[in-house]
Amino acid sequence: MNANKALWEKGDFTRIAESMRASGEALVDDLGITEGQRILDLGCGDGTTAVPAARRGAEVLGVDIARNLVAAGNARAEREGLANVRFQEGDASDLSELGDDSFDAVLSMFGAMFAPRPFDVAKEMIRTTRPGGTVVMGNWIPNDPTLVAQILRISSAYSPPPPEGFVSPMTWGVEENVIERFEGAGVSADRIAFERSTYRFEHPGTPSSFLDVFRRYYGPTMNAFEAAEADGRADALHGELEALFGEQNESSSPDTTSIAATYLRVSVAVP
Ligand SMILES: C[S@@+](CC[C@H](N)C(=O)[O-])C[C@H]1O[C@@H](n2cnc3c(N)ncnc32)[C@H](O)[C@@H]1O
């Protein structure tokens, strides 16, 4: 049993991704993705980044560990009549089915950070990008006060300790770790740039109903609630998260939710 795969197949991340579409579009515009570029989107989910990249004419491959999300991505591509994007199952720590130097850019927004063996992830991203190409990662930042880092922090306090040897995904949000991992893949630190950027979650209901979406469909939150229920602490977990979602909401209407979350954007100029 692959626990990493099971975690993401457990829920239905498409339900969260629906709230991230505008930020996915804005990212693709910001990166200047253009017609004919060969793009790999790692940990692509149902294509928050991959689909808008394909709409701009790039040749896009989405790779994700979760079978249900791969199917959802291919269904979106078909619905939109996009023949230049396809989704397939794969693990960001082992992309042996993909050749060296295959892509102009390898992107991973909050995806590859969840894969095991981060040094292998860095190596695979560099190996599959052509010399002169770019790797871009979006990684949540440990101890950041905004939404996702706080959901993961609160949830971990209600979850059993991770197995021995487990490397927290949040370590990808620390610049020193990122540098060490890409140096291990043969890239010098001066080729790695960092910036703090924002994704916005937009949900057409109250913050409380948005929390409900996480509770029902987001694997890490589902697991935290299962553990909390077993300990009789589910109400406490719900209370902490409800306060968080309410405090973070910036919508001018109490009936809708708009929450910004800060992430570390990593850009690597591949030698
Ligand atoms: C937070 S979601 C982000 C999805 C998408 N990038 C987006 O912005 O909507 C994390 C994604 O990473 C995928 N993932 C987790 N571990 C992975 C791995 N080892 N290899 C590939 N994908 C992985 C999950 O299945 C999930 O789709």
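**Pocket and ligand cavity**

Q: What makes up the lining of the largest pocket, by class?
A: The lining has 22 nonpolar, nine polar and four charged residues; Asp, Glu, Lys and Arg count as charged, Ala, Val, Leu, Ile, Met, Phe, Trp, Tyr, Cys and Pro as nonpolar, and the others, Gly among them, as polar. This is a predicted model, where local features need pLDDT of at least 70 and side-chain atom pairs pLDDT 80 or more, while totals for chains, interfaces and linings use all residues. Residues are numbered from 1 along each chain as its sequence is written, and side-chain values use heavy atoms, without hydrogens and water.

Q: Which element gives the most to the lining of the largest pocket?
A: That is α1, with six residues.

Q: What makes Asn-4 and Asp-64 part of the ligand's surroundings?
A: A residue is near if one of its heavy atoms lies within 4 Å. Of the 21 residues that surround the ligand, both are among the closest, together with Gly-43, Thr-48 and Met-109. By class, this shell holds 13 nonpolar, six polar and two charged residues.

Q: Why does the pair between Met-109 and the ligand count as a polar contact?
A: A backbone N or O atom of Met-109 lies 2.8 Å from a nitrogen atom of the ligand, so the pair meets the rule of N or O atoms within 3.5 Å. Ala-92 has such a backbone atom 2.9 Å from a ligand nitrogen. From Gly-45, a polar backbone atom is 3.5 Å from a ligand oxygen. The protein covers 99% of the 600 Å² of accessible area (Shrake-Rupley, 1.4 Å probe) that the ligand has on its own.

Terms used. Polar contact = N/O pair within 3.5 Å; in protein donor to acceptor, adjacent residues only side chain to side chain. Helix = DSSP H or I, 4+ residues; strand = E, 2+ residues; numbered from the N terminus.
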